Amino acid sequence: MVTYYATGDIAAAHRIADAAVADARRGKSALMRARAHALQAEIAARGAPPAERRARTALHLAYHDVDRDTSGDPMPRVFSAGRLHGFMGVCGIFLGEAAEAERQLSAAAAELTRPRESVQRAIVLTDRALALLHTGEPGGPATAATDLHECVTLTAATRGRVPAQRLRTARLALRPWHGEPFVAELDDHMHTALIGL
């Protein structure tokens, strides 16, 4: 994901994700395998056009590893069902399943509540706001902007680069509502909290 965000080179990101999956398969951690497959799925879904079958296969493999008994996993904190819901949700956005994506991202947000999960929570909440916009629901834009306030606060506290980039993407998606008070309030919060980030 760092390569993708830094360069926009989806092919290079694919190669790295595939190598991560190959390495994880040689290891003993089912949770690390699940994380590698989830990353592979997101990169596949972000392609232009999305590699839908590849993304769904990778998500299925990730789910298979998370769903097993991981109580003795050597890397217990590297991945979780909550994080997998987040990956399923972001893939859903790119695969044209906004309503299901919003449900998956809501489930992820409900589980990602520990302080050490703040960066991941910010990413998930930003993605959920984007999914809300894609659903076309009448109250979606205002609800998305409300959600983004928490993302701004978390991003300012963690100084996370990926949440900041996702936040910019979500804010750009709010352009059709630029005259609404909820967008102006969000802009003020972003300007105040994220200056210099």
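Helices here are DSSP runs of H or I with at least four residues, numbered from the N terminus. The structure treated in these exercises is a predicted model.

**Exercise 1. Helix H7 and the residue after it**

Task: Determine whether the span of H7 agrees with its number of residues, state how many of its residues are buried, and find which residue just after H7 takes a positive phi.

Solution: Begin with the length, for which the expected span is 1.5 Å times one less than the number of residues. The 18 residues of H7 should therefore span 26 Å, and the end C-alpha atoms are 26 Å apart, so the two values agree. Turn next to burial, which requires a relative accessible area under 20%; by that criterion 15 of the 18 residues of H7 are buried, and the helix is mostly covered. One residue of this helix, Arg 128, has a relative accessible area of 16% and is therefore buried. Beyond its neighbours within four places in sequence, Arg 128 is in contact with Glu 102, Leu 105, Ser 106, Ala 109 and Asp 147. Finally, the residue just after H7 with a positive phi is Gly 136, at about 80 degrees.

**Exercise 2. Helix H2**

Task: Check the span of H2 against its 17 residues, then establish which residue caps its N-terminal end and what its buried residues pack against.

Solution: For H2, which covers residues 10–26, the rise of 1.5 Å a residue gives an expected span of 24 Å, and because the end C-alpha atoms are 25 Å apart, the model agrees with that expectation. At the N-terminal end the cap is Asp 9, one of whose side-chain oxygens lies 3.2 Å from the backbone nitrogen of Ala 11. The buried residues of H2 are Ala 12, Ala 13, His 14, Ala 17, Val 21 and Ala 24, and they pack against helices H1 (2–7), H3 (30–46) and H4 (52–67).

**Exercise 3. Met 1 and the largest pocket**

Task: Locate Met 1, classify it as buried, partly exposed or exposed, and describe the lining of the largest pocket.

Solution: Met 1 belongs to the segment before H1, and its relative accessible area of 26% falls between the cut-offs of 20% and 50%, so Met 1 counts as partly exposed. Its C-alpha atom is separated by 6.8 Å from that of Ala 13, although the two residues are 12 apart along the chain. When neighbours within four places in sequence are set aside, the contacts of Met 1 are Leu 39, Glu 42, Ile 43, Arg 46 and Arg 166. The largest pocket, with about 290 Å³ of space, has 17 lining residues, and those nearest its centre are Met 1, Leu 39, Phe 87, Gln 120 and Ile 123. At least two lining residues come from each of H3, H5 (81–94), H7 (118–135) and H9 (161–173). By class, the lining consists of 10 nonpolar, two polar and five charged residues.

**Exercise 4. Backbone features in two loops**

Task: Identify which peptide bond is cis, and state where Arg 159 is placed and what sign its phi has.

Solution: The cis peptide bond runs from Ala 48 to Pro 49, with omega near 0 degrees, and Pro 49 is in the loop between H3 and H4. Arg 159, in the loop between H8 (140–158) and H9, has a positive phi near 60 degrees, although this residue is not glycine. With a relative accessibility of 45%, Arg 159 is partly exposed.

Conventions:
Residues numbered from 1 in each chain as written. Predicted model: local features only at pLDDT ≥ 70, side-chain atom pairs only at ≥ 80, totals over all residues. Heavy atoms only, no water. Buried < 20%, exposed > 50% of the residue type's maximum accessible area, 1.4 Å probe, protein only. Contact = heavy atoms within 4.5 Å. Polar contact = N/O pair within 3.5 Å; in protein donor to acceptor, adjacent residues only side chain to side chain. 1 Å grid on protein atoms, 1.4 Å probe; cavity = no way out; pocket = protein on both sides within 12 Å on 5 of 7 lines; lining within 4 Å. Points joined across faces, edges and corners; volume = space filled by probe spheres on them. Nonpolar A, V, L, I, M, F, W, Y, C, P; charged D, E, K, R; others polar.
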